[in-house]
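Colleague: I am new to this structure. Could you take me through one part of it closely, the metal site and what surrounds it?

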Amino acid sequence: MDNEADVFYRELPKVELHAHLNGSVSCHTIEKLISRKPHLNIEHGMTAIGKGQRRTLEECFQVFKVIHQLVDSEEDILMVATDVIREFAADGVKYLELRSTPREEKNTGLTKKRYVETVIKAIKQCKSEGVDIEVRFLVAIDRRNGTEVAMETVKLAEEFMLSTDGLVVGLDLSGDPTVGHGKDLLPALQRAKNCGLKLSLHLSEVPSQLEESDLLLNLPPDRIGHGTFLHPEVGGSQSLVDKVVMNNIPLELCLTSNVKGQTVPCYSKHHFKYWYQKGHPSIICTDDKGVFSTDLSQEYQLAASTFGLSREDVWKLSLQAIDCIFAPDTVKQQLKLKWAAIKPQVFK
Ligand SMILES: CC(C)=CCNc1ncnc2c1ncn2[C@@H]1O[C@H](COP(=O)(O)O)[C@@H](O)[C@H]1O
Ligand SMILES: [Zn+2]
């Protein structure tokens, strides 16, 4: 049975700004995918990292390859995206920015364009069904694929930004941080920025990326994913921190993801503490709720128990995330009204 604390975190209205579509697929949806493709011989243990388990970064990235085998058609993407949106809504998320890397699949005839169209279709379908959540989409660049693919992806994102009535709001840079260099992606990212796409970049997710982070911070991005190794205590530098602070760039922080992926040794050493204590915009996110077997309520609860946050602090944290969304001010205002209406129920 849920205890009173669990109920508080689930009923707390929340904003999710860092969620990779294929990393967010729940056990329930994975079961459905496995039964559609029994010949692949994929077992559930291959797609998620359970409680108390840890994996190397490399092993985590293998998990995405397995999920991609299961999700390779228009039909799969539609099911996965609608399920993920409904699950976030059921967890009390009122505004979600979903991100995903457009993929081409020769076997099923899936194209990158069709991929994005299908995610958009899922967003519209949930809206028309009255699911209580606002959803926007960030088109993702996988850094492993290099300069040309990055530029193509930006063009695709640009087209969709113009044709979807504001559903595509930005661009994500992700993928295995140990592969490739940000400098090769700068022209594409610069173009994206110039055409009005917002930028959320995975930055300093692993150590020794000082030069790359410095380069990418000059853009500057609109939000940072992880930023685990930016500050001097973990091998980053004061000048990187100064750039983040000066430009007031919010950080998307994913506690379970970083501990299970072993870039952070334990919850109490998570860099949430460093940035939160500074009063810098810090947003609690899930990253890959399916792969890391978590949800946003749990992540808020974990942050609160680890860092001694009061319920009022937690409320402020979720409210402050509204200012960091990529949708326009009108959406921010509507969300703030919603928060105000829900507050008495949460603090009953
Ligand atoms: C390995 C680990 C600790 C993961 C968490 N940190 C991550 N860092 C960088 N890129 C990621 C991460 N999690 C998901 N992604 C990206 O999201 C993709 C899966 O979602 P999608 O297919 O884009 O819909 C992955 O292939 C990868 O490109
Ligand atoms: Zn991520």
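Modeller: What follows is a walk through the zinc site, then the cavity. Keep in mind that this is a predicted model.

Start with the zinc ion (ligand 2). Which atoms hold it? H18, H20 and H202 each coordinate the ion through NE2, and D287 does so through OD. The distances run from 2.1 to 2.2 Å.

Next, the geometry. There are four donor atoms, and the angles among them range from 81 to 167 degrees. A tetrahedral site would need all angles between 85 and 135 degrees. The site of the zinc ion (ligand 2) is irregular.

Now look along the chain. The donors follow the spacing H-x1-H-x181-H-x84-D. H18 lies in strand β1, residues 14-20, while D287 sits in the loop between β8 (282-284) and α12 (296-307), so the pair ties together parts that are 269 residues apart in sequence.

Are these two ends buried or exposed? H18 is buried, with a relative accessible area of 0%. D287 is buried too, at 3%.

H202 leads on to the cavity. This donor of the zinc ion is also among the residues that line the largest cavity. The structure holds one cavity of 30 Å³ or more. About 40 Å³ of space lies in the largest cavity. Its lining also includes R143, G175, P177, L203 and S204. E205, Q209 and E212 complete the list. By type, the lining has two nonpolar, four polar and three charged residues.

How values were computed. Residues are numbered from 1 along each chain as its sequence is written. Chains are lettered from A and ligands numbered from 1 in the order in which they are written. This is a predicted model: local features need pLDDT of at least 70, side-chain atom pairs count only at pLDDT 80 or more; totals for chains, interfaces and linings use all residues. Side-chain values use heavy atoms; hydrogens and water are left out. On a 1 Å grid over the protein atoms alone, a cavity is a set of points where a 1.4 Å probe fits but cannot get out, and a pocket is an open set with protein on both sides within 12 Å along at least five of seven lines; lining residues have an atom within 4 Å of a point. Grid points are joined across faces, edges and corners, and a volume is the space filled by probe spheres set on the points. Ala, Val, Leu, Ile, Met, Phe, Trp, Tyr, Cys and Pro count as nonpolar, Asp, Glu, Lys and Arg as charged, and the others, Gly among them, as polar. Donors are N, O and S atoms within 2.8 Å of the metal (3.2 Å for Na, K and Ca); water is not among the atoms, so sites may look incomplete. Four donors count as tetrahedral if all angles lie between 85 and 135 degrees; four count as square planar and six as octahedral if opposite donors are over 155 degrees apart and all others between 65 and 115; anything else is irregular. Helices (H or I, at least four residues) and strands (E, at least two) are DSSP runs, numbered from the N terminus. Buried means under 20% relative accessible area, exposed over 50%, partly exposed in between (1.4 Å probe, protein chains only).
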